[in-house]
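I opened the model to look up where the protein meets the DNA, and then one helix. My entries follow the display.

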Amino acid sequence: MEQLPPQNETVLIRRAFGLSGKTLGEIAANQGTHCPPDLKRHKGWVGQLLEWVLGASAGSKAEPDFPHLGIELKTIPVDGSGKPRESTYVCVAPLDGSMATQWHESWVCRKLSKVLWIPIVSDANTPLSERRIAPPKLWTPTPKQAHQLQTDWEGLFELIASGSIWQMDAFKGDVLQLRPKGANKNDLVWAIDEEGNWVQTVPRGFYLRPSFTREIIASQFTDPP
DNA sequence: CTCTGATCATTA
DNA sequence: TAATGATCAGAG
């Protein structure tokens, strides 16, 4: 059964904490569904399940999962020590000239202004149904983190704005990076190159590096006082 | 077709 | 073995 959207932040947090310690198998059963055998053909399944359970409403729209609260929901796979096992997708990077030119108006800034992180503990061999939910973390970038994000975003924006398609790779950016984000390498979008010509290239998205997300959720894995 | 949810799988 | 580049499924 689908949850109603949480009326306020407190309700959302309470719901999220209520899930910690449970396995994905238990959560799925409570929803009257079951876990797929693995994530190879269901990569977004965990995120969708948690959206459902917590009452997220934005679906696939380019807005926060909880629009009335301005909160974005992110599940993140971590190992036993709380280290993220993957990078975190943020949003697409328009290459057609439609991207915001100011950091504070960018999708990255808006999406990351307030995020509810839900770590899922596992290693490569843990069956999906046995993966366990860790305590959630409601996060807003610290001044230092906001500065790091802005600096990287401005650098990456410069690449995009100048049409440096061929210099775009995942090595750029300390905490934020650009990576392909499409169905496959035949999935192409139009972009403007250095000379102002329209060319086709794979779609890109902004991702957070694991070293950055590790800092964010670290407090959930340290011993309480 | 685009954007969401992400993880997979090959490379360095 | 970590990181990059590639990929899979669902919703609007």
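Strand C first: I found 17 residues around DNA strand C, of which R41, K43, A170, R179 and K185 come nearest; a residue is near a molecule or strand if one of its heavy atoms lies within 4 Å of it. This is a predicted model, where local features need pLDDT of at least 70, side-chain atom pairs count only at pLDDT 80 or more, and totals for chains, interfaces and linings use all residues. Residues are numbered from 1 along each chain as its sequence is written, chains are lettered from A and ligands numbered from 1 in the order in which they are written, and side-chain values use heavy atoms, with hydrogens and water left out.

I looked up which part of strand C is met. Sugar or phosphate supplies 56% of the atoms of DNA strand C within 4 Å of the protein, and bases supply the rest.

I then went through polar contacts (pairs of N or O atoms within 3.5 Å; within protein, one must be able to donate a hydrogen and the other to accept it, and residues adjacent in sequence count only if both atoms are side-chain atoms). A backbone N or O atom of A170 is 2.7 Å from a phosphate oxygen of DNA strand C. The side chain of Q177 places an N or O atom 3.1 Å from a phosphate oxygen of this strand, and a polar side-chain atom of R209 lies 2.9 Å from a phosphate oxygen of DNA strand C.

For elements I used DSSP runs: helices (H or I, at least four residues) and strands (E, at least two), numbered from the N terminus. Strand β6 (residues 176-180) gives the most to the surface near DNA strand C, with three residues.

Next, strand B. Of the 24 residues around DNA strand B, I noted E72, T75, Y89, K181 and Y207 as the nearest. Sugar or phosphate accounts for 60% of the strand B atoms within 4 Å of the protein.

I checked base contacts here. The side chain of K181 has an N or O atom 2.2 Å from a base oxygen of DNA strand B, and a backbone N or O atom of G44 is 3.2 Å from a base nitrogen. The elements giving two or more residues to this surface are α3 (45-54), β1 (72-78) and β2 (88-93). β1 gives the most, with four residues.

Last, helix α1 (residues 9-19). I listed V11, L12, I13, A16 and L19 as its buried residues, buried meaning under 20% relative accessible area (1.4 Å probe, protein chains only). At its start, a side-chain oxygen of N8 comes within 3.0 Å of the backbone nitrogen of T10. G21 follows α1 and has a positive phi, near 95 degrees.

Definitions and conventions: Buried means under 20% relative accessible area, exposed over 50%, partly exposed in between (1.4 Å probe, protein chains only).
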